[in-house]
Amino acid sequence: MNRCQEPGPAEELEEVTELVCQETDLKDQEMKEVSVGEQKVLLVRIQGQYSAVGSRCSHYSAPLIKGKLVGDKVRCPFHGACFNVRTGDIEEYPGLDSLPSYKVKVQDGKVYVSIDKKTLKLTKRVKEMCSLVPDIKHTVLLIGGGPASLVCAETLRQNCYQGRIIIVTKDALTPFDKPKLSKAMNVDSSSILLRSSDFLQQHGIEVWTQKEVVSVNVPEKTVKMSDGSQQHYDQLLISTGCRARPLDCPGNDLMGVKLLESYADSKEIHSSCLDCKAVVIGASFIGMEVASYLSDKASSVAVVGTGTYPFERSLGPQIGKMTMQMLEEHNVKFYMNDRVTEIRGENGKVKEVVLKSGIVLEADVVIAGIGVIPNSDFLAGSEVEVDSRKAVVVDKFMRTNIPDVFSAGDVASFPLTIRGDQRVNIGHWQMSHAHGKVAALNMLKKPTKIDSVPFFWTVLLGKSIRYTGYGEGYTEIIFKGQVEERKFLAFYIKDEVVVAAASLMFDPAVAHLAELMATGHRITKAQAQADDLSWLQV
């Protein structure tokens with residue numbers, strides 16, 4: 001593991017400089033969006049010092065001026081990514097890239113920002129990475145093609161690891177933006193790739209697609225693939241995610257019964273449902289997003305759920321009822337407090353779905369979204385510890401019980417800081433990124449604990465519900481705003497403390513709460529109940 005080369009002498013820069021404001025225009029802990037040439041810039045003042053960074057989140061380009069500035073960090077209002085406003089570095093996910101940072105000069109009470117003309121149009125900054133040195137005989141093998149593996153690979157390169165990096169994935173695509181599969185099911189594959197093949201090649205990150213690891217030999221430090229080939233590793237990351245739980249009723253093998261696991265599944269569900277009768281089984285995040293997407297494409301959409309309302313356990317009955325009404329207004333029919341007992345077919349193809357209540361639904365396509373199973377079966381016999389749900393058990397350093405074997409992402413069970421290190425298994429896109437970074441740093445013997453606060457979002461009919469924290473076991477929900485009016489902030493209470501929050505049209509409240517939780521603030525039930533929310537600054 002060699003040191004990265006020192007950067008060469010600075011080139012002479014041709015810059016665009018603009019007077020952006022008077023020194024008195026900004027107070028400490030304030031930010032302002034200003035223009036330099038045609039570029040929007042986020043200008044920030046902290047302890048009398050000015051800094052300037054890119055104004056758009058590197059994830060989905062949300063305007064950071066609408067986010068929350070806490071200390072020297074700004075949190076994206078949409079999905080919770082966090083950036084250091086002094087350096088532009090990404091410090092919390094989702095997203096892979098940092099923000100560009102710009103020179104600031106204060107002279108005669110005026111504030112000037114300068115940008116190199118060559119980078120004037122750039123809105124993201126890739127952290128500097130070292131390259132592969134073939135003579136270094138050391139291999140990090142990353143099993144799984146999600147963000148945990150990709151962030152792990154990039155973090156290794158950003159921290160001067162110059163050995164071999166291999167990502168092995170069952171998918172036909174290199175790492176891609178998986179949350180889009182249930183939200184925009186007819187996208188072109190090239191538009192959802194997290195990195196181009198040229199980028200991966202340039203930084204010496206090998207990605208083996210359509211390959212599946214079937215066993216791990218810990219003493220020999222090798223893995224075996226489904227095609228019989230073997231690969232040695234020096235350090236291993238298990239980030240194989242989860243698979244969709246299949247239906248177990250008669251007829252689950254009929255043509256037209258679908259699970260959503262891959263890009264190909266997403267495209268197939270889209271095309272097979274056009275002007276057809278779709279039945280979605282499961283009224284949680286995947287099922288509801290698929291129903292929302294199909295609401296103006298299928299000839300009819302029915303949702304079957306076992307609870308009274310969608311999201312009842314995770315978000316509560318009030319929000320669940322609201323989301324149900326949203327979709328009902330777009331002709332989605334709900335069959336709640338019910339379950340599927342049989343899927344009937346004709347000539348091998350789905351024809352109807354029989355419910356426990358006796359209701360029979362006509363169906364051309366059935367999509368199941370009834371939960372997930374961790375992909376850890378290939379670890380049988382390896383002595384890598386898994387829990388009762390088959391999630392891989394790790395410590396706060398993402399280490400398994402086996403030296404040099406780490407785990408990350410949806411497949412991992414890890415101690416959650418904000419819940420007193422309660423062991424959890426969380427399938428959030430953001431958390432998988434964070435796991436990957438922490439695993440990489442610990443592979444490099446840079447001790448780093450996982451301290452990220454969970455953050456996720458769901459999109460229904462173009463409206464985003466945002467959520468932060470960990471609400472399992474909550475006993476009460478305190479609302480600000482009106483759920484019925486579809487503009488609210490919900491605090492989830494357990495033991496007199498706010499353990500999670502959700503919102504709709506109430507930005508940047510959830511982003512701010514995530515940052516408060518991340519910095520160790522204890523938010524009490526009394527604070528949540530108070531009419532005065534000035535502590536939250538919304």
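Visitor: What makes the largest nonpolar core a core, and which residues have the most contacts inside it?
Guide: In this predicted model, the largest nonpolar core has 51 residues. The name applies because its members are buried nonpolar residues joined through side-chain atoms within 4.5 Å. Leu 142 and Leu 156 have the most contacts inside this core.

Visitor: Which helices and strands each supply at least two residues of this core?
Guide: Two helices are on the list, α1 (147-158) and α7. The strands are β3 (39-46), β11 (139-143), β12 (164-168), β13 (205-208) and β30 (412-416).

Visitor: What does Leu 156 touch, not counting residues up to four places away in sequence?
Guide: Leu 156 touches Val 140, Tyr 161, Ile 165, Ala 440, Met 443 and Leu 444. Apart from the largest core lies another core, of 46 residues, with Met 324, Leu 327, Phe 334 and Tyr 467 among them.

Visitor: How do you know that the span of α7 is close to the expected one?
Guide: Helix α7 covers residues 429-443, which is 15 residues. At 1.5 Å a residue, 21 Å is expected, and the helix reaches 22 Å from its first C-alpha to its last. Lys 445, which follows α7, has a positive phi, near 60°.

Visitor: Why is α7 called largely enclosed?
Guide: Of its 15 residues, 14 are buried, so the rest of the structure largely encloses α7.

Visitor: Why are Cys 21 and Cys 130 called buried?
Guide: The cut-off for buried is under 20% relative accessible area. Cys 21 has 5%, so Cys 21 is buried. Cys 130 has 7%, so the word applies to Cys 130 too.

Visitor: How many disulfides does a search of the whole structure find?
Guide: The search finds 0 disulfides. No pair of cysteine sulfur atoms within 2.5 Å turned up.

Visitor: What makes β32 and β33 a pair of strands?
Guide: Pairing takes at least two bridges, and 6 bridges join β32 to β33 (residues 463-469), so the strands pair. They run antiparallel, and Phe 455 stands opposite Thr 468 in β33. Their hairpin has 2 residues between the strands, and Leu 461 takes a positive phi near 50° there. In β32 (residues 455-460), 5 of the 6 residues are buried, so this strand is largely enclosed by the rest of the structure.

Visitor: What pLDDT does the protein chain average, and where is the pLDDT below 50?
Guide: The chain averages a pLDDT of 95, and 97% of the residues score at least 70. Over residues 5-11 the pLDDT is below 50, and this stretch has 1 contact in the model beyond near neighbours in sequence. Where pLDDT is low, the predicted coordinates should not be read in detail.

How values were computed. Residues numbered from 1 in each chain as written. Predicted model: local features only at pLDDT ≥ 70, side-chain atom pairs only at ≥ 80, totals over all residues. Heavy atoms only, no water. Helix = DSSP H or I, 4+ residues; strand = E, 2+ residues; numbered from the N terminus. Expected span 1.5 Å × (residues − 1). Buried < 20%, exposed > 50% of the residue type's maximum accessible area, 1.4 Å probe, protein only. Contact = heavy atoms within 4.5 Å. pLDDT = per-residue confidence, 0-100.
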